[in-house]
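Here is the note you asked for, written for someone opening this entry without any earlier acquaintance with it. The points below are meant to be read with the sequence and the structure side by side.

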Amino acid sequence: MSRTALARFVDDACAGTSAATGGTSLVVVNRTEPEPVQRMLDSLFDGQPVSVDESAVDDADDDVVVLVKDDELVATSPLAALERSLLLVNSDRYITGAQRVGTVDPPDVILGLRDTPFRVRGYPASNSEKLPMILVSRYVERLAIDGGSGRLRAAFQRLSRIEDERGTLAVYERLADTDVDVHLYGV
């Protein structure tokens, strides 16, 4: 795919992003966690096509995150699962390999966002924006390793990142030991 075609694809995929914001939301139900946890969740999705809300609901469990799309409940996850995988970690956990690829298991509410286009700006603005992308990338890589065959296409800003990031190198070395047909793209 040429650079122009790739740019057109990204623009087309994200064209409805601002209109989609009202249709997709994460709602924290009966939050008992401190306010900074809610602010971190708000910040993580700031500028994305996902709104973050909070609600008190009688007869519902505390600290549950609900994914709602077009007024339909899509998934639920404990708030603690989002804290462990996204809110209380930084990308170094995945980049250094401290989080082993075989243990990556995103919360259901994150997996439920699979058809939602996200934008990631360049460094340093992208620090929190890239974390969901890294989490989902590691999950896809885990699925490829577990499956042992098929095709995986992965894009990197710079191909040197594969060797510069210990955790990423370890993942792609494991992929090399499978029958997965791996295609890497980048500068």
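## Notes on the predicted model

1. L41 is a convenient place to begin, because with a relative accessible area of 1% this residue counts as buried. This and every other statement here concerns a predicted model. L41 is placed in helix α3, and, when its neighbours within four places in sequence are left aside, it is in contact with V28, V52, L82 and L87. One of these partners, L82, stands 41 residues from L41 in sequence, while the C-alpha atoms of the two are 8.6 Å apart in space.

2. The partners L82 and L87 lead on to helix α4, where both are listed among the buried residues, together with L79, A81, E83, S85 and L86. Helix α4 covers residues 79–87, and because 7 of its 9 residues are buried, the helix is largely enclosed by the rest of the structure.

3. For the chain as a whole, the model contains 9 helices and 6 strands, and of its 187 residues 39% count as buried. Among the contacts with a separation of 6 or more, 77% are accounted for by residues that lie 24 or more positions apart.

4. How many salt bridges does the structure hold? The number is 6, and one of them joins E35 to R31, with the closest N and O atoms 2.7 Å apart. The two residues belong to a network of salt bridges that links R31, E35 and E54. E35 has a relative accessible area of 36% and is therefore partly exposed, and R31, at 21% relative accessibility, counts as partly exposed as well; for R31 the reader should keep in mind that buried means under 20%.

5. A further salt bridge is formed by R138 with E141, where the closest N and O atoms are 2.8 Å apart. Both R138 and E141 are buried, in spite of the charges that their side chains carry under the usual grouping of residues. Why are R138 and E141 separated by about one helical turn? The reason is that they are 3 residues apart in helix α7, which runs over residues 130–147.

6. The side chains of E165 and R161 also meet in a salt bridge, at 3.7 Å from N to O. Here the two partners should be described separately, because E165, at 13% relative accessibility, counts as buried, whereas R161 has a relative accessible area of 34% and is partly exposed.

7. The packing of helix α7 against helix α9 deserves a point of its own. Two packed helices are described by the angle between their axes and the distance between the axes. For α7 and α9, the latter covering residues 166–176, the angle is about 25 degrees and the axes are 9 Å apart, and the two helices are therefore roughly parallel to each other. The crossing in which α7 passes α9 is left-handed.

8. Which residues of α7 and α9 meet? On the side of α7 they are R138, E141, A144 and I145, and on the side of α9 they are G167, T168, V171, Y172, R174 and L175. The residues of this contact divide into 5 nonpolar, 2 polar and 3 charged. R138 and E141, the pair joined by a salt bridge, are thus both found among the residues of α7 that meet α9.

9. Helix α9 also holds L169, which, at 27% relative accessibility, counts as partly exposed. L169 and T96 are 73 residues apart along the chain, and their C-alpha atoms are separated by 9.2 Å.

10. Two loop residues call for a look at the backbone. Most residues other than glycine have a negative phi, and most peptide bonds are trans. N30, in contrast, has a phi near 50 degrees, a positive value in a residue other than glycine, and D63 has a positive phi too, near 55 degrees. N30 is found in the loop between β1 (24–29) and α3 (35–44), while D63 has its place in the loop between β2 (51–55) and β3 (64–69). N30 counts as buried because its relative accessibility is 12%, and D63 counts as buried at 13%.

Technical notes: Residues numbered from 1 in each chain as written. Predicted model: local features only at pLDDT ≥ 70, side-chain atom pairs only at ≥ 80, totals over all residues. Heavy atoms only, no water. Salt bridge = Lys/Arg side-chain N within 4 Å of Asp/Glu carboxyl O. Buried < 20%, exposed > 50% of the residue type's maximum accessible area, 1.4 Å probe, protein only. Helix = DSSP H or I, 4+ residues; strand = E, 2+ residues; numbered from the N terminus. Axes fitted to C-alpha atoms, helices over the stretch in contact; angles between N-to-C directions. Parallel < 35°, antiparallel > 145°, perpendicular 65-115°, else oblique. Left-handed = near helix turned anticlockwise from the far one by under 90°. Contact = heavy atoms within 4.5 Å.
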